[in-house]
Amino acid sequence: SYTTIDTDMTEKFSDSLKPESDSDSNEIAIVNAEVPLEVAGQRLDQVAPQLFPDFSRSRLQSWIKLGNLQVDGKSARGKDKLNGGETLTLAAVLEQQNHWQPEAIPFAIVYEDEALIVINKQAGLVVHPAAGNRSGTLLNGLLHHCPELGQIPRAGIVHRLDKETSGLMVVAKTLESHLALVQQLRDKEVSRIYQAVVCGLVTAG
């Protein structure tokens, strides 16, 4: 399967979208994905989460009902079964993640362009807010460095490192690069190498 973003269709498709809320300030990205033959016979609402893993199952079901997720250019029901080979077109409404606050958290940037950021995460820095760490995380620092990440799932973070682990992390700056990186990780096209410094003799077990 493949996933692409069709920027040329965004304006045309957005004219027919049914709004999810009263706000009209959210950006819309048109995302296409081909249904693989291996999932033939499965329902649309079962296949959609596999092809668009950045969005929750409930969000995708809502978009199916609104007509924002189409099969070969036509609205479909969640219970409709797919044959494989169809093209799913999703008009993804990118909402600002207001529950995450930008904070001036220092971190080293190794590389950055319009699509991604490569950072060298230091030991002691939590990657994502969670219970016990609602602030002071890498995600908060990323939002301070690049506010536009507030509209990308998980602020562009596609993989994590433990709090006490240092090392390189790739962060997506656009939905297109985010989808591409997630798919590469899922297909094991990206490898990660870990190094450990230990004292004493390491034994198995």
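Reader: How many bridges join strand 6 to strand 7, and how do they run?

Author: In this predicted model, four bridges join strand 6 to strand 7 (residues 116–121), and the two strands run antiparallel. Two strands count as paired when there are at least two bridges between them, and strand 6 and strand 7 have four. One residue of this region, Glu112, stands opposite Ile117 in strand 7.

Reader: What makes strand 6 and strand 8 the edges of the sheet?

Author: The open sheet has three strands in the order 6-7-8, with antiparallel pairing. Strand 6 (108–112) and strand 8 (167–172) each have a single partner strand, so one side of each is left without a neighbour in the sheet. From one strand to the next, the twist averages 25°.

Reader: Which helix lies across strand 6, strand 7 and strand 8?

Author: That is helix 4 (residues 138–145), which runs at about 135° to strand 7.

Reader: Why is the pair of Glu112 and Lys173 called a salt bridge?

Author: The rule asks for a side-chain nitrogen of Lys or Arg within 4 Å of a carboxyl oxygen of Asp or Glu. In Glu112 and Lys173 the closest N and O atoms are 2.9 Å apart, so the pair meets the rule. Glu112 lies in strand 6 and Lys173 in the loop between strand 8 and helix 5, so the salt bridge ties together parts that are 61 residues apart in sequence.

Reader: How do you know whether Lys173 is buried or exposed?

Author: Buried means under 20% relative accessible area. Lys173 has 19%, and is therefore buried. Its partner Glu112 has 33% and is therefore partly exposed.

Reader: How many salt bridges are there by this rule?

Author: The count comes to three. Among them is the pair of Arg43 and Asp45, with the closest N and O atoms 2.7 Å apart. Arg43 is partly exposed at 32%, whereas Asp45, at 13%, counts as buried. Arg77 and Asp80 also form a salt bridge, with the closest N and O atoms 2.9 Å apart.

Reader: Why is Ala48 called buried?

Author: The relative accessible area of Ala48 is 0%, so Ala48 is buried, the cut-off being under 20%. Ala48 is placed in helix 2 (residues 44–51). Leaving aside neighbours within four places in sequence, Ala48 is in contact with Leu60 and Leu69.

Reader: Which residues touch the most other members of the largest nonpolar core?

Author: Of its 43 residues, these are Phe52 and Leu90. Beyond its neighbours within four places in sequence, Leu90 has contacts that include Phe52, Leu60, Trp63 and Leu69.

How values were computed
Residues are numbered from 1 along each chain as its sequence is written. This is a predicted model: local features need pLDDT of at least 70, side-chain atom pairs count only at pLDDT 80 or more; totals for chains, interfaces and linings use all residues. Side-chain values use heavy atoms; hydrogens and water are left out. Buried means under 20% relative accessible area, exposed over 50%, partly exposed in between (1.4 Å probe, protein chains only). Contact means heavy atoms within 4.5 Å. A nonpolar core is a set of buried Ala, Val, Leu, Ile, Met, Phe, Trp, Tyr and Cys residues joined through side-chain atoms within 4.5 Å. Axes are lines fitted to C-alpha atoms, for helices over the stretch in contact, and angles run from 0 to 180 degrees between N-to-C directions.
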